[in-house]
Amino acid sequence: MRTTEKTIAALLLSALATLCGGALALADGAPAGGDVHVAQTLGDRELTVVLRRVDAVPGPLRVDVITHEGSAPGELRLRVARPGGGGGPEAVVALGATPGPHHGTLRVDTAGPQELAVDDGERVALIPFVVPVAVMSPAEGLTYRGFVAAGLLLLVALGTAVTARHGWVVLLPAGGFVAALAVAVTAALLSASTPAPPRPGEDVDATEDAVRDPYSVQRPSTSDLSRPPVTLLLRAGSTGDALDLELSLTDGASGRPVDDLLVHDDALMHLVVVTPSGGLRHVHPVRVSPGEYRARLRAPEPGHHAVSAEISRRGGGVQLLRSPTGFDVPGTPVDPSSPPAAGARDVNGTPVDVAVTGARAGEPTTITARVGTTADLQPWLGMVGHLIVVGPLPDGEPVGDAAQRAPVWAHAHAMVPLTPGATGGPPDETVAAYGPVVTFTHTFPLPGRYRVWVQNQRDYALVTTPVLLDVGAGEGGTP
Ligand SMILES: [Cu+2]
């Protein structure tokens, strides 16, 4: 082989190495999705079901079921199904007596909307989720075709360089290789800024969201806030020493079942119940069919309960629904208990110290809770802490009745601090590294006496701290 041919062969070989390296880097840069966390009050268990990211179909779907303090050991059966279709293969998750994560792996065969069925033997929760469809834009298509053509032409050029008698013959495939490579590289650069085409039957916004974040179709978008309000129908039926709540969601305009709820703050629905004695129940009803949700309350108190539900509809933003009826449990109501306003207390073995500054209507009030003694709080529903506010409440009547008419029901959060440089999603409940000081800011619109509950998770147990808060009139006698 002459010197020029050797030089051409060496150049082509180095180009081949670059091409292979480039192709690998491209594969590593594939769009990544996230995990979906869904809190579920299934029977007597409060669970967090975590659907891990699906990288390819057909492929494995790993499901982590996180149990909490007081969860009975047992078995859950999981299966994946297309909405309205038959069930796929099952996986059994054995729930141990120790609270924490328990694992199961299923198989998903197709992309698109599906349901994860979680069956405790008595009730089946159907959790909608989406396996992202790989959508290729024209620029991405050109990139792949360009690299394939360049690779083939490179092999032809190499073969020609070894066998051809005249060096100029190699220039033909080598020139084609350079041209194909140029097209591929240009298309790769373009594809970074070109949106992917919409999938059939889907709007462009949703598809763009789905490409950036495959699970975004389950999260609210701020760009579209046009869905009608939801009507919440509530029925309560007794089951032994528990109470089964049946919740029906219907569209305020069409009257049809509402089946477009998004996972919002790690749940499809957050149900808040204020009990006659002034207790708080915060549960996450399971979806049993389109628009139908169920939750069980253990050891219900006699008397009237006030109920609100927080949901988020796709295209409808977050809605706080208040049940106009609440529900009644037969029997004589116990006297309401009055929690302390501020200061130190013990909540089921956890030392909690609450401080309040401000507390004037129309001005920001800061509520600071020191929960435990070290930084061992776990994120619950994606937050270090939750603050639930109901009021103003008159003294001298059962709290459930007063809460039914209370003008203000509100919900504030203490966010999980962002870890600098973190590339993954937010930490899940297995990370016990937050607190012990948790701070909330809330502006009370009206003066009066409020009931406030601070909620945190520690050792897989929910710590609910009730606080009685007197909010004074604001500057200038607001409002
Ligand atoms: Cu909730």
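**View 1. Leu-233 faces Ser-248 across a hairpin.** In this predicted model, Leu-233 stands opposite Ser-248 in strand 10. Strands, at least two residues of DSSP type E, and helices, at least four residues of type H or I, are DSSP runs numbered from the N terminus. Strand 9 and strand 10 pair in the antiparallel sense, and 10 bridges link them. To count as a pair, two strands need at least two bridges between them according to DSSP. What sits between strand 9 and strand 10 in their hairpin? Just 2 residues, and Gly-240 in that turn has a positive phi of about 65°.

A note for reading every view: residues are numbered from 1 along each chain as its sequence is written. Because the model is predicted, local features need pLDDT of at least 70 and side-chain atom pairs count only at pLDDT 80 or more, while totals for chains, interfaces and linings use all residues.

**View 2. Strands 9, 10, 14 and 13 make an open sheet.** Follow the 4 strands in the order 9-10-14-13, with antiparallel pairing. Strand 9 (230-239) and strand 13 (286-289) stand at the edges with a single partner strand each, so one side of each has no neighbour in the sheet. From one strand to the next, the twist averages 30°; angles like this run from 0 to 180 degrees between the N-to-C directions of axes, which are lines fitted to C-alpha atoms (for helices, over the stretch in contact). Further into the sheet, strand 10 (residues 242-251) and strand 14 (residues 292-298) are antiparallel and share 7 bridges. Here Ser-248 turns up again, this time opposite Glu-292 in strand 14.

**View 3. Strand 11 is covered on both faces.** Zoom in on strand 11 (residues 270-274), where 5 of its 5 residues are buried. Buried means that 20 or more other C-beta atoms lie within 10 Å of the residue's own; 12 or fewer makes a residue exposed, and anything in between is partly exposed, with C-beta atoms placed from the backbone. Which residues of strand 11 are buried on each side? His-270, Val-272 and Val-274 are on one side, with Leu-271 and Val-273 on the other. Side chains in a regular strand alternate between the two faces of the sheet.

**View 4. Val-274 has bridge partners in two strands.** Strand 11 runs antiparallel to strand 15 (residues 303-313), and 5 bridges join them. The strand 15 partner of Val-274 is Ala-306. Strand 11 also pairs with strand 12 (residues 280-283), again antiparallel, over 4 bridges. In strand 12, Val-274 is bridged to Leu-280.

**View 5. Gly-278 sits in a loop.** Look between strand 11 and strand 12 for the loop that holds Gly-278. This hairpin has 5 residues between its strands, and Gly-278 takes a positive phi near 100°. Is Gly-278 buried or exposed? Gly-278 counts as buried because 24 other C-beta atoms lie within 10 Å. Leaving aside residues up to four places away in sequence, Gly-278 touches Pro-336, Ser-337, Val-399, Arg-451 and Pro-466; a contact means C-beta atoms, placed from the backbone, within 7 Å of each other. Ser-337 is 59 residues from Gly-278 along the chain, yet their C-alpha atoms are separated by 6.4 Å.

**View 6. Another open sheet is built from strands 18, 19, 20 and 24.** These 4 strands line up in the order 18-19-20-24, with antiparallel pairing. At the edges you'll find strand 18 (343-347) and strand 24 (437-443), each paired on one side only. The twist here averages 25° from one strand to the next. Strand 19 (residues 350-357) and strand 20 (residues 364-371) run antiparallel and are joined by 6 bridges. One to look for is Thr-357, whose bridge partner in strand 20 is Thr-366.

**View 7. Val-183 belongs to a helix.** Switch from strands to helix 3 (residues 168-191), home of Val-183. Why is Val-183 called partly exposed? Because it has 17 C-beta neighbours inside 10 Å. Beyond residues up to four places away in sequence, Val-183 touches Leu-142 and Gly-146. Ala-149 is 34 residues from Val-183 along the chain, and their C-alpha atoms are separated by 10.0 Å.

**View 8. Two stretches have low pLDDT.** The average pLDDT of the protein is 82, and 81% of the residues score at least 70; pLDDT is the predictor's confidence in each residue, from 0 to 100. Over residues 16-32 the pLDDT stays under 50, and the model has 7 contacts for them beyond four places in sequence. The pLDDT is also below 50 over residues 197-224, a stretch with 48 contacts in the model beyond near neighbours in sequence.

Technical notes
Contact = placed C-beta atoms within 7 Å.
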